[in-house]
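Trainee: I should like a close look at a single part of this protein, set in the context of its surroundings. Would you please take me through the sheet and what packs around it?

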Amino acid sequence: MPLAQNPLSIEVTLPREDVALITVEGYLDVDTATEFQHHLANQLHHGRRHFLLDLSAVPFMDSSGMNIILRVYQEARTLPGSVHIISPTPAVRRILDLTGVSITVPVSEGLEEALARVDAHDEDREEDREEDRDESQAGPDGQRA
């Protein structure tokens, strides 16, 4: 079996129990995207809700890589969870900006910024749950019973 012309290296670490930091090195394209997808699916299977994708060592990404990022973003939202891209190379950042992916999926400059966004996401979800509880306890006139 021949080696991929541009092999992909993927390292998964867990900065927190429900947060997977996925560090990608190499070309993220049609030849390597399936491996990337398997790593993400494995982390979803193990209960991770937040995905931090470090793309600082990805010199090139095509639509295959973008599609996988958008798919995991959609799946994470249903958990509810989140996806954050960390430090994309200039070429990858340009692709993310031109396609609008960077509008949908937050881009952070480093791990600490991405973790802060995860915390903000979880705080927003908690506030939403509290508002829902308050509304469910209110009477027909909107006043609490």
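Mentor: What follows is an account of the sheet, strand by strand, and then of one helix and one residue. Please bear in mind that the model is predicted.

Let us begin with the overall arrangement. The protein has five helices and five strands, and along the sequence these elements follow the pattern β-β-α-β-α-β-α-α-β-α. Of the 145 residues in the protein, 38% are buried. Contacts that link distant parts of the sequence are prominent in the count: among those between residues at least 6 apart, 65% join residues at least 24 apart. The protein exposes about 8600 Å², and carbon and sulfur atoms supply 49% of that area.

The sheet itself is open and has five strands, in the order E1-E2-E3-E4-E5, with mixed pairing. Strands E1 and E5 (107–108) stand at the edges with a single partner strand each, so one side of each is left without a neighbour in the sheet. As background, strands of a sheet pair through backbone hydrogen bonds, either parallel or antiparallel.

Strand E2 is a useful place to see the mixed pairing. On one side, E2 runs antiparallel to strand E1 (residues 9–16), to which six bridges join it. E1 and E2 form a hairpin, with two residues between them, and threonine 13 stands opposite leucine 21 in E2. With strand E3 (residues 50–57), by contrast, E2 pairs in the parallel sense, again over six bridges. Here leucine 21 has leucine 52 of E3 as its bridge partner, while threonine 23 has aspartate 54 in E3. The connection from E2 to E3 involves helix H1 (residues 33–45), and the three elements make a right-handed β-α-β unit. Five of the seven residues of E2 (residues 19–25) are buried, so this strand is largely enclosed by the rest of the structure.

Helix H2 (residues 63–77) shows how a helix is placed against these elements. At the start of H2, a side-chain oxygen of aspartate 62 reaches to within 2.9 Å of the backbone nitrogen of serine 64. The 15 residues of H2 should span 21 Å at 1.5 Å a residue, and the end C-alpha atoms are 21 Å apart, which agrees. The buried residues of H2 include Met66, Ile68, Ile69, Val72 and Tyr73. The buried residues of H2 pack against H1, E3, strand E4 (82–86), helix H3 (90–99) and helix H4 (101–104).

Finally, consider isoleucine 86, which lies in strand E4. Isoleucine 86 has a relative accessible area of 3% and is therefore buried, the cut-off being under 20%. Leaving aside neighbours within four places in sequence, isoleucine 86 is in contact with residues that include Leu21, Leu52, Leu53, Asp54, Leu55 and Ser56. Further along the chain, its contacts include Ser108, Glu109, Gly110, Leu111 and Ala114. The C-alpha atoms of isoleucine 86 and serine 56 are separated by 7.0 Å, although these residues are 30 apart along the chain. Leucine 21 and leucine 52, the bridge partners described above, thus both appear among the contacts of isoleucine 86.

Conventions. Residues numbered from 1 in each chain as written. Predicted model: local features only at pLDDT ≥ 70, side-chain atom pairs only at ≥ 80, totals over all residues. Heavy atoms only, no water. Helix = DSSP H or I, 4+ residues; strand = E, 2+ residues; numbered from the N terminus. Buried < 20%, exposed > 50% of the residue type's maximum accessible area, 1.4 Å probe, protein only. Contact = heavy atoms within 4.5 Å. Areas by Shrake-Rupley, 256 points an atom, 1.4 Å probe, with all protein chains shown as cover. Pairing = 2+ DSSP bridges. Right-handed = clockwise from strand over helix to strand, strands pointing away. Expected span 1.5 Å × (residues − 1). Polar contact = N/O pair within 3.5 Å; in protein donor to acceptor, adjacent residues only side chain to side chain.
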